[in-house]
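Thanks for coming. I will go through one model this morning, helix by helix, and then stop at a few single residues.

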Amino acid sequence: MDSMRNMRHASNIAWFLQWVLNICLIGLASVLIFFLVKETYMMASSMFSGGKSVTAYELLEGIVIYFLYFEFIALITKYFLSGYHFPLRYFIYIGITAVIRLIIVDHSDPMTTLLHAGAILVLVIALYIANTEKLKRE
């Protein structure tokens, strides 16, 4: 009898924590959508304004940041669609995009750039392993 009450109590705690997590993720998605819209506006205004010219690196950095916002929103969407589960490969996609952004922004030291490229290679290998049939859950 005590074990049934403890299981029900644990189930209620898990339900409450899941509910709090879902509300927080919805809030985070709202903030990310706001910054995605802001980044869209900033990119459009910098490309089509007649005043200050934007360099190719700044534009490319803005595009990669845009994709980072997009990937995080897609990750949260996938979390809800896949039954409250974060797919590993989405984190790897975000990691690859973040390292690419780092290479674009700071490419002054060739050794650091080479190390970042090696990190991308490791992430791509991890993505290949994560997409094997044994690890694929979707």
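**Helices and their contacts**

Phe48 is exposed, with a relative accessible area of 69%. Phe48 sits in helix α1. Between the C-alpha atoms of Phe48 and Ser30 there are 27 Å, and the two are 18 residues apart along the chain. Please keep in mind that this is a predicted model.

Another residue to look at in helix α1 is Arg8. Is Arg8 buried or exposed? Arg8 has 54% relative accessibility, so it counts as exposed. Arg8 and Ile73 are 65 residues apart along the chain, and 34 Å separate their C-alpha atoms.

Now to how the helices pack. Two packed helices are described by the angle between their axes and by the distance between those axes. I will take the pairs in order along the chain.

For α1 and α2, the axes come within 9 Å and cross at roughly 155°. The cut-off for roughly antiparallel is an angle over 145 degrees, and α1 and α2 are therefore roughly antiparallel to each other. The crossing of α1 past α2 is left-handed. Sorted by class, the residues in the contact of α1 with α2 are 22 nonpolar, 4 polar and 1 charged.

Helix α2 itself covers residues 56-81, which is 26 residues. From first C-alpha to last, α2 reaches 37 Å, close to the 38 Å expected at 1.5 Å a residue. Which residues of α2 are buried? They are Gly62, Val64, Ile65, Leu68, Glu71, Ile73, Leu75, Ile76 and Tyr79. Note that Glu71 is on that list of buried residues. What do the buried residues of α2 pack against? They pack against α1, residues 2-48, and against α3.

One residue of α2 deserves its own stop, and that is Tyr66. Tyr66 is partly exposed, at a relative accessible area of 26%. Leaving aside residues up to four places away in sequence, Tyr66 touches Leu36, Glu39, Thr40 and Met43. As for Val31, its C-alpha atom is separated from that of Tyr66 by 14 Å, with the two positions 35 residues apart along the chain.

Next, the stretch that follows α2. Just after α2, Gly83 takes a positive phi of about 75°. Tyr84 also has a positive phi, of about 60°, although Tyr84 is not a glycine. As background, most residues other than glycine have a negative phi. Where is Tyr84 found? Tyr84 is in the loop between α2 and α3. With a relative accessible area of 46%, Tyr84 is partly exposed.

That brings us to α2 and α3. Their axes come within 10 Å and cross at roughly 165°. That angle makes α2 roughly antiparallel to α3. α2 passes α3 in a left-handed crossing. On the α2 side, the contact includes Tyr57, Leu60, Glu61, Val64, Ile65 and Phe67. On the α3 side, the residues met include Tyr90, Phe91, Tyr93, Ile94 and Thr97. By class, this contact of α2 with α3 has 16 nonpolar, 1 polar and 4 charged residues.

Helix α3 has 18 residues, and from its first C-alpha to its last it reaches 26 Å, close to the 26 Å expected at 1.5 Å a residue. The buried residues in α3 are Arg89, Tyr90, Ile92, Ile94, Ile96, Thr97, Val99, Ile103 and Ile104. These buried residues of α3 pack against α2 and α4.

The last pair is α3 and α4. Helix α3, residues 88-105, and helix α4, residues 110-130, pack at an angle of about 165°, with their axes 10 Å apart. That makes α3 roughly antiparallel to α4. The crossing of α3 past α4 is left-handed. From α3, the residues in the contact include Leu88, Arg89, Ile92, Tyr93 and Gly95, and from α4 they include Thr113, His116, Ala117 and Ile120. How do the residues of this contact divide by class? The contact of α3 with α4 has 15 nonpolar, 3 polar and 1 charged.

To recap the packing: α1 and α2 are roughly antiparallel, α2 is roughly antiparallel to α3, and α3 is roughly antiparallel to α4. If you look up one residue afterwards, take Tyr84, with its positive phi of about 60°.

Methods
Residues are numbered from 1 along each chain as its sequence is written. This is a predicted model: local features need pLDDT of at least 70, side-chain atom pairs count only at pLDDT 80 or more; totals for chains, interfaces and linings use all residues. Side-chain values use heavy atoms; hydrogens and water are left out. Axes are lines fitted to C-alpha atoms, for helices over the stretch in contact, and angles run from 0 to 180 degrees between N-to-C directions. Helices (H or I, at least four residues) and strands (E, at least two) are DSSP runs, numbered from the N terminus. Angles under 35 degrees count as roughly parallel, over 145 as roughly antiparallel, 65 to 115 as roughly perpendicular and the rest as oblique. A crossing is left-handed if the near helix is turned anticlockwise from the far one by less than a right angle, and right-handed if clockwise. Contact means heavy atoms within 4.5 Å. Ala, Val, Leu, Ile, Met, Phe, Trp, Tyr, Cys and Pro count as nonpolar, Asp, Glu, Lys and Arg as charged, and the others, Gly among them, as polar. The expected span of a helix is 1.5 Å times one less than its number of residues. Buried means under 20% relative accessible area, exposed over 50%, partly exposed in between (1.4 Å probe, protein chains only).
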